[in-house]
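User: I should like to learn how to read protein–DNA contacts and a buried residue in a structural model. Could we proceed step by step?

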Number of protein chains: 2
Amino acid sequence: MKTKPAAISPLEAHLGYWLRFVSNQVSHSFSLKLAERGVTVAEWVVLRELFECAAMAPSALAERIGMTRGAISKLADRLEAKALLTRTISDEDRRYQALAVTAKGRALLPKLAALADQNDAAFFGHLSAAERERIKSAMCEIVRRHGLKAVPVD
Amino acid sequence: MKTKPAAISPLEAHLGYWLRFVSNQVSHSFSLKLAERGVTVAEWVVLRELFECAAMAPSALAERIGMTRGAISKLADRLEAKALLTRTISDEDRRYQALAVTAKGRALLPKLAALADQNDAAFFGHLSAAERERIKSAMCEIVRRHGLKAVPVD
DNA sequence: TATTGTTATACTCTATAACTATA
DNA sequence: TATAGTTATAGAGTATAACAATA
């Protein structure tokens, strides 16, 4: 009985629109903070991920983060130039590399993590812990359902 | 009494990380769908926003969407080339322009909106309506708190 | 002089695919 | 030939700032 088809849903009807909007702002804000330390968001993700393990191959890292090998290669270039990361060619199979965070990188990481904490708090600090957890779970579940690469479910 | 400082929070500790991860996937998936119609995500946003009003100045649109005038200018170029949008210079003040969606653009919009609906459903359809609304409200609240440009709270 | 819109420039991120070197 | 990593190319998105036209 609708007189108008209402075929054209508004932008704000889509959850994807809101996520993109907020996410862009959060990431942009974070990127400004990181810029003071001379690092980009993608670089932070790589460094943080490498920090866990002693060393990791570029291809493994690429899969884990959900990036292409080419992208990792370029990021590694930049991080190497900043002396935050080293490449070491394997002796056994010289096609393999081991990426590792340098001492300088390890010294820098806590500061970057503090910026990440600070940025997250600025945007989501007003939410209750339960609410944050709820949203996080929802996002995590979406990642799982869609079989997205990096399922870093902690 | 902590033995370890635990100073370095993991990536997954941050809600911003999850939002960025999911949002990137959702947007990418949407961009693939839109590509079949020869449109990008940013172009969809512009078209959808212009669709509401008869016409709008680039600067007003820029503020509403949260983009720079330069970005709008480039988008308008592309949309004009695709005959989805027109620029009309004001007679009163020749610095002003009116951007408007063409008939072709109006014909295309329902199809794009359907893709948006479809994409949103693919990622968020498994959530209850209440849960979706909850997350949407949270995002909306964040936008409001941070006084972000486009507050299309509808 | 202030404002509107355009243009030039640049950089990040991403993806594809051709390429090199190893095996 | 198969794999690991690199490089070239491209395009979207974004931002800054210089610029032209107009008021």
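User: To begin with one atom pair, which oxygen of DNA strand D lies 2.9 Å from a polar side-chain atom of Gln97(A)?

Analyst: The model is a predicted one. The partner of the polar side-chain atom of Gln97(A) is a sugar or linking oxygen of DNA strand D, at 2.9 Å. Two further pairs involve this strand: a side-chain N or O atom of Arg87(A) is 3.0 Å from a phosphate oxygen, and a polar side-chain atom of Lys74(B) is 2.8 Å from a base oxygen. Helix H3 (58–65) and H4 of chain A, with helix H2 (41–52) and H4 of chain B, each give two or more residues to the surface near DNA strand D.

User: Which element supplies the largest share of the surface near DNA strand D, and which residues come nearest to the strand?

Analyst: The largest share comes from H4(A), with 4 residues. Around DNA strand D there are 22 residues, of which Pro58(A), Arg69(A), Ser73(A), Lys74(B) and Arg94(B) come nearest. Of the strand's atoms within 4 Å of the protein, 67% belong to sugar and phosphate. By class, this surface holds 10 charged, 6 polar and 6 nonpolar residues.

User: How many residues surround DNA strand C?

Analyst: DNA strand C is surrounded by 22 residues, the closest being Lys74(A), Arg78(A), Arg94(A), Ser59(B) and Arg69(B). Sugar and phosphate make up 63% of the strand's atoms that come within 4 Å of the protein. H4(B) gives the most to this surface, with 4 residues, and the residues there comprise 10 charged, 6 polar and 6 nonpolar.

User: Which part of DNA strand C does the side chain of Arg95(B) approach at 3.1 Å?

Analyst: A side-chain N or O atom of Arg95(B) is 3.1 Å from a base oxygen of DNA strand C. For Thr40(A), the corresponding partner is a phosphate oxygen at 3.3 Å. For Gln97(B), the partner is a sugar or linking oxygen at 2.9 Å.

User: Turning to burial, why does Ser9(B) count as buried?

Analyst: A residue is called buried when its relative accessible area is under 20%. Ser9(B) counts as buried because its relative accessibility is 11%. Ser9(B) belongs to the segment before helix H1 (15–35) of chain B.

User: What does the side chain of Ser9(B) make a polar contact with?

Analyst: The partner is the side chain of Asp117(A), at 2.7 Å. Beyond its neighbours within four places in sequence, Ser9(B) is in contact with Trp44(A), Arg48(A), Ala113(A), Asp117(A) and His14(B).

Key: Residues numbered from 1 in each chain as written. Chains lettered and ligands numbered in written order. Predicted model: local features only at pLDDT ≥ 70, side-chain atom pairs only at ≥ 80, totals over all residues. Heavy atoms only, no water. Near = heavy atom within 4 Å. Polar contact = N/O pair within 3.5 Å; in protein donor to acceptor, adjacent residues only side chain to side chain. Nonpolar A, V, L, I, M, F, W, Y, C, P; charged D, E, K, R; others polar. Buried < 20%, exposed > 50% of the residue type's maximum accessible area, 1.4 Å probe, protein only. Contact = heavy atoms within 4.5 Å.
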